[in-house]
Each structure stands twice: as C-alpha cells, then as structure tokens.
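This report describes one protein structure for a reader who has not met it before. Please look at the sequence and the model first, then read on.

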Amino acid sequence: SPSDNADAPLSQLPPATVQWRGETQTYTWPGYVGRWEAGLDSRTRTLTLVVEVREPWKHFQPGEQPPLQPGMFCQVSIVARRVPNAVVIPRAALRPDQTVFVAVNDALAIRPVQVLHLQKDRAMLTGGLRAGDQLVVSPLTAPVVGMQLRLREVAPETLFLTPLSEPPSAPDATVRTGSGNISEGG
C-alpha cells in the first residue's frame, strides 16, 4: 500500500541519486524514495516511485551549480535492497505450486522454493535451492519422482530472453511541477 512507508524514518527509505546533465557537466542531488503511487500502469506494468530531494536549491551557485527545478529531465538511481543468497532461474523452470525439478544422482526430485520476485522470463528465489543443485530446465512430458535423467549442462546466459548483466530498461525521470518531487516515468 502507498501509505506503508508514510511514517518511516528517512534512514529506512531507499536512498536515491538524481542527476541532470547540462551542456558540459553533470549535476547531482541526493534524494530518497518518498512514496510510491497506487496501482500499476496497465501498459508498462510498472509502479511509479516518487523520489524526493530535500532543499533542491541548497547548493545553488549561479554559473556553477543550478538548482533542481520542475521540467528538468533527470536520471535517477535508487539503491536497492540486497538479497543475500538469492538465485535467479528461468521462470519456465518454476512450477505453479512453487516447486522446481532438480536432478539428484541423475534422478528427478521435486524441491519446494521460496519466490521473492517474478519477471517476464525469470524468477528470483530466496530459498529452496543450494549451491551445486542441478536445476532441470527442460520441459518433461510425464515427470515421475525418481525417474532417471540424461543431464546436459547449459550456459546460464542462454536461458533468458535478456542478458542477466543488463539492467532493466527504465524511463528517465522528470521533475513534477509544484512539489519539487522527482517521479519515475514522468
């Protein structure tokens, strides 16, 4: 809910950096995620975050540091929460009952997993798989626990539509008039 973080102290809100590129220089202001707006955009399936910058005029120096003001198109970087021991797998390998197929001694086994986040072609898991587990990513016609498998190793980068190293594309941000807030997707 958008009001879940309304009373959170500033130290608990995700920090952000707002950058504006001028003709010859890039200018930076510190900010934080102040809130998010209710509902997903039905076209892009994204959530609008509002990044707030306290005192956008504080470091204003004519000819050297402009103030952050409405109408400036900015790049916003948000520091995300780190998820220790998270594993990213192809979404197709995740079964509807929140389990995955794994190979144990070349035989099929089913393992329950904890799903943190789902994207178009991948799932982020926070539990259920361990280092060295052999995840079955091929579709199986009539899977039976214990059936023998013929294993073949595949390169992880071939399992996804978009490379794992590539950050998700996001729109630039624009300053909202009147409030001094930065809103992703402007």
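## A hairpin and its sheet

Q114 of β8 has G127 in β9 standing opposite. The model is a predicted one, in which local features need pLDDT of at least 70, side-chain atom pairs count only at pLDDT 80 or more, and totals for chains, interfaces and linings use all residues. Residues are numbered from 1 along each chain as its sequence is written, and side-chain values use heavy atoms, with hydrogens and water left out. Strands β8 and β9 form a hairpin, with three residues between them. The two run antiparallel and are joined by four bridges. Strands here are DSSP runs of E with at least two residues, helices are runs of H or I with at least four, and both are numbered from the N terminus. Two strands count as paired if DSSP finds at least two bridges between them.

The hairpin belongs to an open sheet of three strands, in the order β5-β9-β8, with antiparallel pairing. Each of β5 (87-90) and β8 (114-118) has a single partner strand and stands at an edge, so one side of each is left without a neighbour in the sheet. From one strand to the next, the twist averages 35°; axes for such angles are lines fitted to C-alpha atoms (for helices over the stretch in contact), and the angles run from 0 to 180 degrees between N-to-C directions. On the β5 side, four bridges join β5 to β9 (residues 122-127), and these strands also run antiparallel. I89 has A123 in β9 as its bridge partner. In general, the strands of a sheet pair through backbone hydrogen bonds, either parallel or antiparallel.

## A second sheet and R111

Another open sheet of three strands has the order β7-β6-β10, and its pairing is antiparallel. The edge strands are β7 and β10 (134-135); each has a single partner strand, so one side of each is left without a neighbour in the sheet. Strand β6 (residues 99-104) pairs with β10 over two bridges in the antiparallel sense. A103 has Q134 in β10 as its bridge partner.

R111 is placed in strand β7 (residues 107-112). Is R111 buried or exposed? Its relative accessible area is 14%, so R111 is buried; buried means under 20%, exposed over 50% and partly exposed in between, with a 1.4 Å probe and protein chains only. A polar atom of the R111 side chain lies 3.4 Å from the backbone oxygen of G128. Apart from neighbours within four places in sequence, R111 is in contact (heavy atoms within 4.5 Å) with residues including Q98, T99, V100, L129 and D133.

## Two aromatic pairs

A search of the whole structure finds two aromatic pairs. The ring centres of W20 and Y27 are 5.8 Å apart and the planes stand at 25°, so this pair is stacked. W20 is partly exposed, at a relative accessible area of 24%, whereas Y27 is buried at 11%. The ring centres of W57 and F60 are 5.6 Å apart with the planes at 70°, so the pair is edge-to-face. F60 counts as partly exposed, at 36% relative accessibility. Rings of Phe, Tyr and Trp (its six-membered ring) pair if their centres lie within 6.5 Å; planes under 30 degrees apart count as stacked, over 60 as edge-to-face and the rest as tilted.

## R54 and P15

R54 lies in the loop between β3 (47-52) and β4 (73-78). With a relative accessible area of 53%, R54 is exposed. The side chain of R54 makes a polar contact with the side chain of Y32 at 2.5 Å. Such a contact is a pair of N or O atoms within 3.5 Å; within protein, one must be able to donate a hydrogen and the other to accept it, and residues adjacent in sequence count only if both atoms are side-chain atoms. R54 and G31 are 23 residues apart along the chain, and their C-alpha atoms are separated by 6.8 Å.

P15 is in strand β1 (residues 15-21) and is partly exposed, with a relative accessible area of 42%. Not counting residues up to four places away in sequence, P15 touches G31, Y32, S77, I78 and V79. The C-alpha atoms of P15 and A80 are separated by 8.4 Å, with their positions 65 residues apart along the chain.

## The whole protein

The protein has zero helices and twelve strands. Buried residues make up 27% of its 186 residues. Of the contacts with a separation of 6 or more, 57% are between residues 24 or more positions apart.
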